Amino acid sequence: MTAAAQLATTTDSLGLTVDLALAGLTVGSAAALSGIGLVVCHRATGVLNIAQGAQAMAVAYLLRDLVVVRHWPVWPAVACCLLLVAPALGVLLDVLVYRPLQRRGAGPAETMVAGLGVFVLLIGVAVLLWGAAPLAGAPSPLGGAAIRLPGGHGLRPDTVAQLAAILLLGLTVFAATRWTRFGLRLRAVVDDRRLAALTGVDADRVSAAGWAFGTFTAGLVGIALAPYLLLDPYGLPLLVMETMAVAVAARLRSIPVAVATGLGLGIAQAELTRLRPSGQLLPLVEAVQSNLFVVALLATALLAGPRIGGEGAGEGAGAAPLAVRRTGDERAGGGGAGGSGRLAGAVCLVLLLLPLGFRGNDLRSALLVPALALVLLSIVVVTGYGGQISLGQAGYAGLGALGTALLMSGRVPGVPSLPAAPALLIAVLATAPLGLLTGWPAIRRRGLALALVTFAVGTAMSRFVFQQPYATTGLVLDRPSFLAGDRAFYLAELLLLGLGLLTVRALHRGRLGRALTAMRDHEPGAVAAGVDVPGLKLLAFVAGAALAALGGGLIGLAGRAFDPAAFDPVRGLLWFAAVVVAGADSALAAVLAAALLIGLDAGTVAGVSAVAVGALAAAIGRLPGGLAALPVPRRRPPPALPALPPSRLSPTGRRVRAAIATRQAGRVRKTGEDGAS
Amino acid sequence: MPVEAALRSARVRYGPLEALHGVDLAFPSAAVTVLLGRNGAGRTSALHALAGVVPLSGGQALWRGRDLGGLSVHQRVRRGLALVPAERGVFGSLTVAENLGLGGPGHDEVIELFPELAPLLPRRAGTLSGGQQQLVAVGRALAACPALLLLDEPERGLAPAVAARLHAHLLAAATDGRTVVLAAQSLPRTLAGAAVVHVLHRGEVAFSGEPGEPLPKRFATPR
């Protein structure tokens, strides 16, 4: 190769690097904008706007509708969407969803569930209004010819606009928080809402402003990203949700770090396309490249440590993450001893036995109920009993299903292909210790930090394990011959569910149950009382992983296939919200929730269950403790029986009665004298 | 003595429990009123009802003859009311200077009164000791120069000398025309110059009078 040719290759490669970097800026600047929105909204309201992706999607849909369908001119439509609709949506969410939660001083789990509810609801509304099919032609307000830079590189005008928006928003927020009285008030409200009111700050107005800004940036992100995608109700929200990594890297605090991380990740993602290793590594590199934001989310959530978001955000050291206190008496749900518990148990039993009379497709969808109930039970154990937020249970369910399938197909090196029952058992036993993946981080984390880590672990499992070619091709998953019939399999599932319920009940009773409850209600107090909190957390997560794996394995066996979409992280979020809405510390409520989730979707249009859960979850602020804690109309105590007629007493009896009467009279006189002196 | 603020047959209810059973309390203007009572007697509920932190389930809260019913907490505060809560009275994530600045313009007078705060100004309030935090909480309320100042056991965690200084300042503020209501477990010796003492017992008024009158034994000044 001559020197000239070498030089040409070098400049070529340099030119390609620059081109890729400029292309990466588009995604990077959108991620940075999303990061600014999340950070500002969190700083203003103390809440991580988990529904940001759905808000972005809604605004993008609205803009497309205005421009493409109603033929508005582009710029007035953009102004209407960003300056009118988005802030109004934010204020509406604040008033309806988040304000009741904050007034009540709800913990991070409930706030997160409310956010998930908003997320699911907005998606449901979008599906109802615009359909689930992907739509093309989202307007790009600044589309057009690329700007030519020196050196022949092109830069899209909308990327320039996004960078300008980042700069403008960053500087505005910086100046407002530093130098205005509003910034000080805002920080006061985030620190302690009640106390802020006592210093004359209108806390409601401040947090409404925070939500308006958060939704405004979400809309900006949606409008920026939509032209590059087909607009569909699921893709855009997920994409925006992955950019949460940017905000987590900034510890929900620093805007410059968020911007730098967003731009850096965008560029890195573009540059990674150049890396083409041969052989086995290629799928892995490709997976990392297309899921770089997920990798970043996992890494930042693990590295950010326990301090993220928790500091001074109103969740003191002892704040229980969930309101599980009963409005009625404790007995009602405790062990199913009270009337309402027995009623719920009876309803559950009837619901579970009902499908035995089904046939065909109905029975086939009913097969999912006990399996899903087991997965939901795992959330009851980890979150309801142990008080640890876990958004990654779908991952463990998926591992259970995948493990069973791998063992049955003989794909595990050194193990011959096994029949279904031992394969399921081994898969459950193998998944249980993997509960440490989320259990270990839980030892030092709580609330939001823990939620992020578990979500990241679940998402990483989905992207790097379930969706890889080895997991999706050539797997055999079938039921044993004696359970080939749907009815027989359903009975076997009921048996396993019963075992699971007994296990869960054992976890909730006695010394262990008290220790778990103590840990949930007040961790420092539990430590002080001698509870081995780290060990207990690990136990809760391991038990949860085993239950979820069992449920997941059954889901796989019921469908006779491993379907990665069944264990999508978003589905995990929906399951978590369903459990909390049903009443996180009630095992029976989880079973009912599973029946309703499956039944609603099977009986009506798919997605109705999601909307129902979403609406209830968004209303969690007015529903402390979930549906299970709703006051049950109490039966009146039976009227007191009329006093027995004086019975005829024997002479001895009469003497005893007289003696008792005199002794009582004496005691009364004595206490009376004591009181007087 | 003109009445600045009053509770009229006020009831406060927390779920199924009623903490104040329709009490009538009057707080004379330009004077210090001390609200005595044991734990659970309803002192805090009375103060919170005046400030609007808890809603009244019956009766009225009056201030300058006006019913406070429709006003939220921050609206009352903007009209010149200040409450120092007994616990969690500071913004832990803000510096002491910012805490005082949120109160109002009287920042320098507070430092003059409590010079202990001067070296702490740049520190985050959450890193202070309990007594220092209490001082910041009281200081923030004083910085607002309120017309009606409500304090819930402000002496908690304060050194006796500092508490005495605070009491002297409150008495002086009263002669300047401010109205002060202070809740305490027993009548502090340094507040003997208070105008009125109300004693609450189990959510009802057990005694109203002047500090010189013989108080029920357990509320009298400790020797």
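**Exercise 1. The hairpin strands of chain B**

Which residue of β4(B) does B:Arg11 stand opposite? Place that pair in its strands, and then follow β4(B) to its other partner.

*Solution.* The model considered here is a predicted one. Begin with the pair itself: the residue of β4(B) that stands opposite B:Arg11 is B:Gly58. Next, consider the strands: β1 (residues 3–14) of chain B and β4 (residues 58–63) of chain B run antiparallel and are joined by five bridges. Then turn to β5 (residues 66–67) of chain B, which is antiparallel to β4(B) and joined to it by two bridges; here B:Trp63 faces B:Arg66 of β5(B). Finally, inspect the connection, where two residues lie between the strands of the hairpin and B:Arg64 adopts a positive phi near 55°.

**Exercise 2. The open sheet of chain B**

Determine the strand order of the six-stranded open sheet in chain B, identify its edges, and describe the helices that pack on it.

*Solution.* Step one is the order, which reads β6-β7-β8-β3-β9-β10 in chain B, with mixed pairing. Step two concerns the edges: β6 (81–84) and β10 (204–209) of chain B each have a single partner strand, so that one side of each remains without a neighbour in the sheet. Step three is the twist, for neighbouring strands of this sheet are turned against each other by 15° on average, when direction is ignored.

Step four examines one edge in detail: β6(B) pairs in the parallel sense with β7 (residues 148–152) of chain B over four bridges, and within this pairing B:Ala82 stands opposite B:Leu149. Step five adds the helices. Helix α5 (residues 130–143) of chain B packs on the sheet and touches β6 and β7 of chain B, its direction making about 175° with that of β6(B). Helix α6 (residues 160–175) of chain B, in turn, lies across β3 (32–36) and β8 (179–184) of chain B and runs at about 150° to β8(B).

**Exercise 3. The overall form of chain B**

What radius of gyration does chain B have, and what value would a compact globule with 223 residues have?

*Solution.* Chain B contains six helices and 10 strands. A compact globule with 223 residues would have a radius of gyration near 17 Å, and because chain B has 17 Å, the two agree. The C-alpha trace of chain B spans about 45 × 40 × 35 Å along its principal axes. As for the interior, 45% of the 223 residues count as buried, and among contacts in chain B with a separation of 6 or more, 70% are accounted for by residues 24 or more positions apart.

**Exercise 4. A helix pair in chain A**

Classify the packing of α18(A) and α27(A) by the angle between them, and name the residues that meet.

*Solution.* Helix α18 (residues 393–408) and helix α27 (residues 569–583) of chain A pack at an angle of about 120°, with their axes 7 Å apart; the two helices are therefore oblique to each other. On the side of α18(A), the residues are A:Gln393, A:Ala394 and A:Gly395, which meet A:Pro569, A:Arg571, A:Gly572 and A:Trp575 of α27(A). By class, this contact has three nonpolar, three polar and one charged residues.

**Exercise 5. Where chain A touches chain B**

How many residues of each chain are in contact with the other, and which helix supplies the largest share on the side of chain A?

*Solution.* The contact involves 14 residues of chain A and 18 residues of chain B. On the side of chain A, α6 (181–191) and α7 (193–198) each supply at least two residues, and the largest share, four residues, comes from α6(A). Sorted by class, this side of chain A has six nonpolar, three polar and five charged residues.

How values were computed. Residues are numbered from 1 along each chain as its sequence is written. Chains are lettered from A and ligands numbered from 1 in the order in which they are written. This is a predicted model: local features need pLDDT of at least 70, side-chain atom pairs count only at pLDDT 80 or more; totals for chains, interfaces and linings use all residues. Two strands pair if DSSP finds at least two bridges between them. Axes are lines fitted to C-alpha atoms, for helices over the stretch in contact, and angles run from 0 to 180 degrees between N-to-C directions. Angles under 35 degrees count as roughly parallel, over 145 as roughly antiparallel, 65 to 115 as roughly perpendicular and the rest as oblique. Two residues are in contact if their C-beta atoms, placed from the backbone, lie within 7 Å. Ala, Val, Leu, Ile, Met, Phe, Trp, Tyr, Cys and Pro count as nonpolar, Asp, Glu, Lys and Arg as charged, and the others, Gly among them, as polar. The radius of gyration is taken over C-alpha atoms; the globule rule is 2.2 Å times the number of residues to the power 0.38. A residue is buried if 20 or more other C-beta atoms lie within 10 Å of its own, exposed if 12 or fewer, and partly exposed in between; C-beta atoms are placed from the backbone.
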